[in-house]
Amino acid sequence: TQNAAVFAFGNNASGPTNCTEEYNGTSYATGGAGILARHSMSGVGTQNAALAISGYAPNSSTLKSETELYDGNAFSEVADVLDARGNHASAGTQNSAIFMAGSKGAGTLRKNTEFWDGSSWSQVADLVMPQGNLIGNISGGGTSNAAWIAGGEAPSPVGYVTSTEHWDGISWSVDGNLITARQRLGGAGDQKSALVFGGNNSTPV
């Protein structure tokens, strides 16, 4: 939330990092370090109950399937994802989450969705992908039963997309398009009230 957030993992000048910082509405402070340094992963939950999901380390040719749970002080490893990938999106909480789409590196994009029940991952319905049969570098949010995704990049000749989709806990459906096609965009909000911002489509947006 605005007054209690956690920021973890990523890349710096030395490569993948496992650093964690917590925000209290005014300033950042160092949190418990992650176990596996990585980047291009995603996370769900709150400052005191979060998941860090899959990603790359040290680069997109090395996929990481690990999932880590953060309790506000330290990370612990839990069950691996079924299909490791980076540049994906996720939604939900530490006990009920989904992660979807993404890339396995070298232009190998994905459309599958996995569900987390608090102890293990399982495969559920694929995305619809109206503008390309695979997608990565997307934004998403919501809950494990009411999620959304937007934007991203599909294989050539499609490129950057404007498509959005909604998840109802069983399947994905196509919704209204974004105004500007882009990838690597930020997003916030739930299925009924959300926003996306930034990103790029050859130039910064």
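Colleague: Let's start at the beginning: where is Thr-1 found?
Modeller: A quick word first: this is a predicted model, where local features need pLDDT of at least 70, side-chain atom pairs count only at pLDDT 80 or more, and totals for chains, interfaces and linings use all residues. Residues are numbered from 1 along each chain as its sequence is written, and side-chain values use heavy atoms, with hydrogens and water left out. Strands here are DSSP runs of E with at least two residues, helices are runs of H or I with at least four, and both are numbered from the N terminus. With that in hand, Thr-1 sits in the segment before β1 (5-8).

Colleague: Is Thr-1 buried or exposed?
Modeller: Buried means under 20% relative accessible area, exposed means over 50%, and partly exposed is in between, using a 1.4 Å probe and protein chains only. Thr-1 has 76% relative accessibility, so it counts as exposed.

Colleague: And how far apart are the C-alpha atoms of Thr-1 and Ser-14?
Modeller: Along the chain, Thr-1 and Ser-14 are 13 residues apart. In space, their C-alpha atoms are separated by 30 Å.

Colleague: Stepping back, how many strands does the chain have?
Modeller: Don't go looking for helices, as the chain has zero of them. Its strand count is 21.

Colleague: What is the radius of gyration of that chain?
Modeller: This one is taken over C-alpha atoms, and the globule rule is 2.2 Å times the number of residues to the power 0.38. For 205 residues the rule gives 17 Å, and the chain comes close to that, so it is as compact as a globular protein of that length. The C-alpha trace spans about 45 × 35 × 35 Å along its principal axes. The radius of gyration itself is 16 Å.

Colleague: What share of the 205 residues counts as buried?
Modeller: In general, nonpolar side chains tend to be buried together in soluble globular proteins. For this chain, the buried share is 42%.

Colleague: Which residues touch the most other members of the largest nonpolar core?
Modeller: A nonpolar core is a set of buried Ala, Val, Leu, Ile, Met, Phe, Trp, Tyr and Cys residues joined through side-chain atoms within 4.5 Å. The largest has 15 residues, and the elements giving two or more residues to it are β10 (89-92), β11 (97-100) and β15 (147-150). A second, separate core has nine residues, including Leu-51, Val-81, Ala-84 and Phe-99. Back in the largest core, the residues touching the most other members are Ile-98, Met-100, Leu-127, Ile-135 and Trp-172.

Colleague: Where is the place of Asn-87?
Modeller: Asn-87 is buried, with a relative accessible area of 14%. Leaving aside neighbours within four places in sequence, its contacts (heavy atoms within 4.5 Å) include Ser-40, Tyr-56 and Arg-184. Asn-87 lies in the loop between β9 (75-78) and β10.

Colleague: What is the phi of Asn-87?
Modeller: Asn-87 is not a glycine, yet its phi is positive. Arg-184, in the loop between β19 (172-175) and β20 (186-189), also has a positive phi, near 50 degrees. For Asn-87 the value is about 55 degrees.

Colleague: Which residue does a cis peptide bond join to Ser-156?
Modeller: There is a cis peptide bond between Ala-57 and Pro-58, with omega about 0 degrees, and Pro-58 is in the loop between β7 (49-53) and β8 (67-70). The cis bond at Ser-156 has omega of about 10 degrees, and its partner is in the loop between β16 (153-154) and β17 (159-160). That partner is Pro-157.
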